Amino acid sequence: GMVEEREGVVGVPPGISVESFRGFLEYVYLGECGDEIGKADGREVALLSDMYLVAGLREFLLEDGGGLGGENVCAAFEFALGQVPVGVGDQSDIVAGCLKVVRKGLCVIEEVSLCGFGVEAAKGLLEARQREGRVPRRILAKQGFEFVQRWVGANGGVQGRGGVEVDEIVGMLDLGKLSRKYLTDVVEGSGLVSHDRFKEILAGVSEDTSFGREFAIEQMFGSAGMGDGQFTSLYQLAVHGEGAEQRLACVDSERFRVLILNVESGEVVAVAGSGPGGGPGELSYPHAAAFNSRGELYVSDSSNSRIQVFERNGKYLRAVGTRGSEKGQLWCPEGISFTAAGDLLVADKNNNRVQVLQEDGTFVRSVGCGKESFEPVSCCEAPDGSLVVVDRSCRVQVFDSEGRFVRRFASRGDGPGKLQSPMQVAVGAGGEIVVGDAYTVTVFTFEGKLIQRIPPTSISDAPNRPSYNSRGVCVDADGCLFVSVSDCEVFDDKESVTNVVRLT
């Protein structure tokens, strides 16, 4: 304005924070390349763009990667709804921008941002997220409940908000989609649901824990991309521990690394693999991972024909095996796992055998025929000590504890009980055999009878895709399944799907 031009200074307009004005000026002079705009209050920057007639700023705020995010979406939404007095004119574009932010997940909104946030605005954001059709209903219910917990906590607890307001907003959630474990561990003691209402919800949730039950996505880890916590080409999985210490290893083969995640938080806690190559700690197209009893991570470094061992923090320890066909030598190993006694099982694919080794690589015995028709890709121990192997010929084979052949089942095809491109096998506590196969996860009894094929709607958060791979699968002590999901094809009009899901 004229005052600024005459006096040579720019004053901060009333009601605008210094942080927001700094971000505004940064945009004016630097464009979209600055950092300060991300710290600004979206509603204040919108007002400034109108006040100073800055073309393009409003559009920048509303585009992906712009000025709206978890730290300011609540303030911007209340402003746009007219619940904050400074708002004037049509703010429907800001409303749309806020709803776009929360449709990506309510977890982006931290408790501190919810302080003073009105109930009607909170209900508006919650409703927008609940309408997201491509996200499993259990995930929506879980995210919604945790959003309400943060909102109540930021505003004086249940008493501070008033019981009626809390009942209204909790009533928007389909809590019957949550697992019994989550209901009893989290919901029951939250104070947000009455005792009678909790009993009613719990009574409607199935108690079936068999592998014939209908599985639902409880949790999702990572996404497709080149970021620190993202994946490009997921292969086999491994899980270790329980509770807050439970960890999940995810082999990202084409990034030459293994990400280790804390299951409870979903955060990456360690990375194994220092990049492509053949040196210590370097990986060349790793296929599988396994934790020993101490939590050390073993990785099948397939193209280097060795197994590498890493500490819990991802630091390289040692290597096991060298390229060759003698006892204890390896040739393109794929699946690995540990027995209850602590021996290492290795699907020594190009040597057409499964090797049983001690942790230091000392040879114990070999399992399999050694013929070209036997190309094992994954192996694990059953509760009775038997060895279960899935091979590239789409067969599941069972050997006794001494390595003698017992039976085989399954074959190549796309019908019930058939396999197309198996990647990993896991065994449940009751002996159920779970195979991660192309397009599906197939579950058999220990004797080989088909229990079920878990459908795409239960495995993928984008179940309407023409095709995807469920390459890796592992089972924890509670009977939860972890499945790696990747697109088989890239579609120009779709985001790529590459993540890990936890099914309960």
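How many bridges pair strand 15 with strand 16 (residues 396–399), and in what sense do the two strands run? Keep that one in mind; the answer comes in Exercise 1.

A few ground rules before starting. This is a predicted model, in which local features need pLDDT of at least 70 and side-chain atom pairs count only at pLDDT 80 or more, while totals for chains, interfaces and linings use all residues. Residues are numbered from 1 along each chain as its sequence is written, and side-chain values use heavy atoms, with hydrogens and water left out.

**Exercise 1. Work out how strand 15 sits among its neighbours.**

Step 1: start with the pairing. Helices (H or I, at least four residues) and strands (E, at least two) are DSSP runs, numbered from the N terminus, and two strands pair if DSSP finds at least two bridges between them. Strand 15 and strand 16 pair in the antiparallel sense, over four bridges. Within that pair, V389 faces Q397 of strand 16.

Step 2: look to the other partner. Strand 14 (residues 376–381) is also antiparallel to strand 15, with five bridges, and C380 stands opposite V388.

Step 3: check the turns. The hairpin of strands 14 and 15 has five residues between them, and G385 in the turn has a positive phi of about 90°. In the hairpin of strands 15 and 16, with four residues between the strands, C394 takes a positive phi near 65°.

Step 4: ask about burial (buried means under 20% relative accessible area, exposed over 50%, partly exposed in between, with a 1.4 Å probe and protein chains only). Five of the five residues of strand 15 (residues 387–391) are buried, so the rest of the structure largely encloses this strand. L387, V389 and D391 cover one side, V388 and V390 the other, and all are buried.

Step 5: add a side-chain link. D391 forms a salt bridge with R395, with the closest N and O atoms 2.9 Å apart; a salt bridge is a side-chain nitrogen of Lys or Arg within 4 Å of a carboxyl oxygen of Asp or Glu. Both R395 and D391 are buried.

**Exercise 2. Test the length of helix 7, then see what K123 holds on to.**

Step 1: the expected span is 1.5 Å times one less than the number of residues. For the 12 residues of helix 7 (residues 119–130) that gives 16 Å, and the end C-alpha atoms are 16 Å apart, so the two agree.

Step 2: count the covered positions. Helix 7 has 10 of its 12 residues buried, including K123, L125 and R129.

Step 3: follow K123. This lysine makes a salt bridge with E168, at 3.3 Å between the closest N and O atoms. E168 lies in helix 10 (residues 163–170) and K123 in helix 7, so the pair ties together parts that are 45 residues apart in sequence. E168 is partly exposed, at 38% relative accessible area.

**Exercise 3. Find other salt bridges in the structure.**

Step 1: get the total. Searching the whole structure turns up 17 salt bridges.

Step 2: take E218 and R138, whose side chains meet at 3.1 Å, N to O. E218 lies in strand 1 (residues 217–221) and R138 in helix 8 (residues 137–154), so this pair ties together parts 80 residues apart in sequence. E218 and R138 are both buried.

Step 3: look for a network. Salt bridges link R294, E296, R318 and E359.

**Exercise 4. Describe the largest nonpolar core.**

Step 1: fix the term. A nonpolar core is a set of buried Ala, Val, Leu, Ile, Met, Phe, Trp, Tyr and Cys residues joined through side-chain atoms within 4.5 Å.

Step 2: name the hubs. The largest core has 43 residues, of which I109, F117 and V148 touch the most other members.

Step 3: see who contributes. Helix 8 gives the most to this core, with seven residues.

Step 4: zoom in on I109. Leaving out residues up to four places away in sequence, I109 touches several residues, among them V73, V102, L125 and F147 (contact means heavy atoms within 4.5 Å).

**Exercise 5. Place T339.**

Step 1: T339 lies in the loop between strand 10 (333–338) and strand 11 (344–348).

Step 2: T339 is buried, with a relative accessible area of 14%.

Step 3: beyond its neighbours within four places in sequence, T339 is in contact with L345 and E381.
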